[in-house]
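I opened this notebook to record what I looked up in the structure, one topic at a time. The entries go from the whole chain to helix pairs and then to single residues.

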Amino acid sequence: MINRELIRTKIVQLTYAYYQNGSKNIENAEKELLLSLSKAYDLYNYLLDLIVAITKEETQRVEQLSIRNRREGKEEPSTKFIFNKFAVQLQENKALNSFNEVKNMSWNDDIDFVRGLCDKIEQSDTYKEYMASTDDDYEADRELWRKLYRQLIEDNDDLDQLLETKSLYWNDDKEVVDTFVLKTIKRFDPKEKGNQELLPEYKDEEDREFARKLFRATILNANEYQRYMSETSRNWDFSRLAYMDIVIMQIAIAELLNFPNIPVSVTINEYVDMAKRYSTPRSGGYINGMLDSIARHLADTGKLLKPMPPRPERGNYSDRRQQNDRYQNDRYQNGGRQNEGYNKPVRFVHKPKPEETNEAPAEEENTASDEPQNTPQE
C-alpha cells in the first residue's frame with residue numbers, strides 16, 4: 001500500500017523537520033520516517049474498519065426497530081443494508097480482524113461519530129435508492145459502499161478532525177489512504193470470503209529499502225548535493241529560493257544519483273509537483289529548471305549514468321509527465337501499486353514558517369556537515 005509517492009512525501013516532511021528541529025540524529029530520524037509510514041498503513045485498516053463499525057451500528061438500530069414494530073404490530077424493517085454482502089465479507093475478513101486485534105484498534109470510543117455518520121447515510125439519496133432497488137447481487141452491494149465512501153467518508157471534515165486527535169500523521173495521510181481504501185473495495189471478490197487479501201504494507205522489501213536509502217543519502221551527502229546546486233545555478237537566483245526548495249532539490253539529487261532504474265524525467269517531475277504543493281507559487285518553475293540543469297551537469301561530468309530526456313521548453317512538463325506515467329504504469333503491471341487517483345494535495349505536518357518567502361534567508365554559520373547552507377534563522 002505504501003507506494004513511492006507517499007514515501008517521497010514523508011521524506012520531504014522528515015528532512016525538513018530534521019533541519020528545523022536541530023537534533024541532527026539520523027538514527028532517530030530514520031525511525032521516525034518508518035514510523036510515519038507504518039501509521040499510514042494503520043489508517044488504511046482503521047478506515048476499512050469504519051465500514052464494519054457502521055454496519056454494526058445499523059444492525060443495532062434494525063434490531064431495536066424490529067422489537068418496537070413487533071410490539072406495535074407493524075411491518076418488520078428491511079435488513080438489506082445490514083446484510084450487504086460486501087460489508088459482511090469485510091466484517092469477516094481475517095486479515096482486518098487480526099490487524100485490529102494486534103493494534104487494539106476499534107471505533108468503540110468514537111461511537112457518537114459513527115452514529116452521526118449513520119444518520120447521514122440514511123438521509124442520502126444513494127442509500128435510499130439502494131434500499132428501494134430490487135438488485136440483490138454482490139456487485140450492487142459493493143458499489144453501494146464505494147459510493148458511500150466517496151460521498152460521505154472521503155471528504156468529511158468531522159472525520160478529519162477526529163483523526164487529527166488520534167494521530168499527528170493521519171490528517172496528512174488520509175487523502176492518499178482514501179485512494180487505497182477505494183481500490184480495496186473495488187478488488188474484493190466474494191469467492192475469497194474471509195480470506196480476501198488486503199493491500200500489504202509494502203509491495204516488497206525494495207520499497208522499504210527505497211525509503212531508508214533515499215533518506216540517508218539526502219542527509220549524509222547534503223554538502224555535495226548543494227555544491228551541485230551552486231555549480232549549476234548561474235542562470236537562476238539560487239539565493240532567493242525558499243528553504244523548502246533547497247530541501248526538495250536535495251532529495252531529488254539523492255534520487256537521481258542513487259536509483260539507476262528511475263528515469264531522470266520521473267524524478268524531476270515528482271519533485272516539481274512536490275514543490276507546487278508545499279513551497280511558494282514560483283517554486284515549481286524554479287525547481288523544474290534547476291533540476292534539469294543539475295541533471296545535465298551531472299551527466300556531462302560522468303556522475304549521472306542515465307539517459308537524459310530532450311531538453312523541454314521552459315514551463316512545459318508534458319513530455320516528462322508522459323514518461324512519468326509510462327514508468328508508473330510499468331511498475332503497476334510488474335507488481336507495483338500505482339497510487340490510483342492520487343492527484344490531491346496532501347496536508348503537510350511540518351509546514352514552512354509563515355514568514356518564509358522567496359527572499360534569501362539570513363545567513364548563519366554552518367558547522368554541521370550535513371545541514372543545508374540555506375537554513376533560515378529560528
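What follows are my entries on the fold, the helix packing, the nonpolar core and a few residues.

**Entry: the chain as a whole.** I note at the start that this is a predicted model. I looked up the secondary structure and found 15 helices and zero strands in the protein chain. Turning to burial, I found that 52% of the 378 residues of the protein chain count as buried. I then checked how the contacts are spread along the sequence: among those with a separation of 6 or more, 80% are between residues 24 or more positions apart.

**Entry: H1 against H10.** I began the helix pairs with H1, which covers residues 4-21, and H10, which covers residues 205-220; their axes are 10 Å apart and the packing angle is about 30 degrees. Because angles under 35 degrees count as roughly parallel, H1 and H10 are therefore described as roughly parallel to each other. For the handedness I noted a right-handed crossing of H1 and H10. On the H1 side I listed Arg 4, Ile 7, Arg 8, Ile 11, Leu 14, Thr 15, Tyr 18 and Tyr 19, and these meet Glu 206, Asp 207, Phe 210, Ala 211, Leu 214, Phe 215, Thr 218 and Ile 219 in H10. When I sorted the residues of this contact of H1 with H10 by class, I had 10 nonpolar, two polar and four charged.

**Entry: H2 against H10.** I next took H2, residues 26-72, which packs with H10 at an angle of about 145 degrees and with the axes 11 Å apart. The crossing in which H2 passes H10 is right-handed. From H2 the contact draws on Ile 26, Glu 27, Ala 29, Glu 30, Leu 33, Leu 34 and Leu 37, and from H10 on Ala 211, Arg 212, Phe 215, Arg 216, Ile 219 and Leu 220. Sorted by class, the contact of H2 with H10 has nine nonpolar and four charged residues, with no polar ones.

**Entry: H2 against H7.** I then looked at H2 with H7, residues 138-153, and found that their axes come within 12 Å and cross at roughly 105 degrees. That angle makes H2 roughly perpendicular to H7. The residues of H2 that I listed here are Leu 47, Leu 50, Ile 51, Ile 54 and Thr 55, which meet Trp 145, Tyr 149 and Ile 153 in H7. This contact of H2 with H7 divides into seven nonpolar residues, one polar and no charged.

**Entry: the nonpolar core.** Which residues touch the most other members of the largest nonpolar core? I found Tyr 44 and Ile 54 in that place, in a core of 102 residues. H2 gives the largest share of this core, with 16 residues. I followed Tyr 44 further and, leaving aside its neighbours within four places in sequence, found it in contact with Met 1, Val 177, Phe 180, Val 181, Thr 184, Leu 198 and Leu 199.

**Entry: Ile 248.** Is Ile 248 buried or exposed? I found Ile 248 in H12, residues 243-258, and at 0% relative accessibility it counts as buried. Its C-alpha atom and that of Thr 9 are separated by 9.8 Å, although the two residues are 239 residues apart along the chain. Beyond the neighbours within four places in sequence, Ile 248 is in contact with Val 12, Tyr 271, Met 274, Ala 275 and Ile 287.

**Entry: His 297.** I placed His 297 in H14, residues 283-300. With neighbours within four places in sequence left aside, its contacts are with Glu 231 and Thr 232. The C-alpha atoms of His 297 and Met 229 are 9.9 Å apart, for a spacing of 68 residues along the chain.

**Entry: loop residues.** I closed with three positions in loops.

- Asn 104 lies in the loop between H4 and H5; its phi is near 55 degrees, a positive value in a residue other than glycine, and at 71% relative accessibility it counts as exposed.
- Lys 193 lies in the loop between H9 and H10; it has a positive phi of about 50 degrees although it is not a glycine, and its relative accessible area of 59% makes it exposed.
- Asp 137 is in the loop between H6 and H7 and is partly exposed, with a relative accessible area of 31%; its C-alpha atom is separated by 8.0 Å from that of Lys 85, which is 52 residues apart from it along the chain.

Conventions. Residues numbered from 1 in each chain as written. Predicted model: local features only at pLDDT ≥ 70, side-chain atom pairs only at ≥ 80, totals over all residues. Heavy atoms only, no water. Axes fitted to C-alpha atoms, helices over the stretch in contact; angles between N-to-C directions. Helix = DSSP H or I, 4+ residues; strand = E, 2+ residues; numbered from the N terminus. Parallel < 35°, antiparallel > 145°, perpendicular 65-115°, else oblique. Left-handed = near helix turned anticlockwise from the far one by under 90°. Contact = heavy atoms within 4.5 Å. Nonpolar A, V, L, I, M, F, W, Y, C, P; charged D, E, K, R; others polar. Core = buried A, V, L, I, M, F, W, Y, C linked by side-chain atoms within 4.5 Å. Buried < 20%, exposed > 50% of the residue type's maximum accessible area, 1.4 Å probe, protein only.
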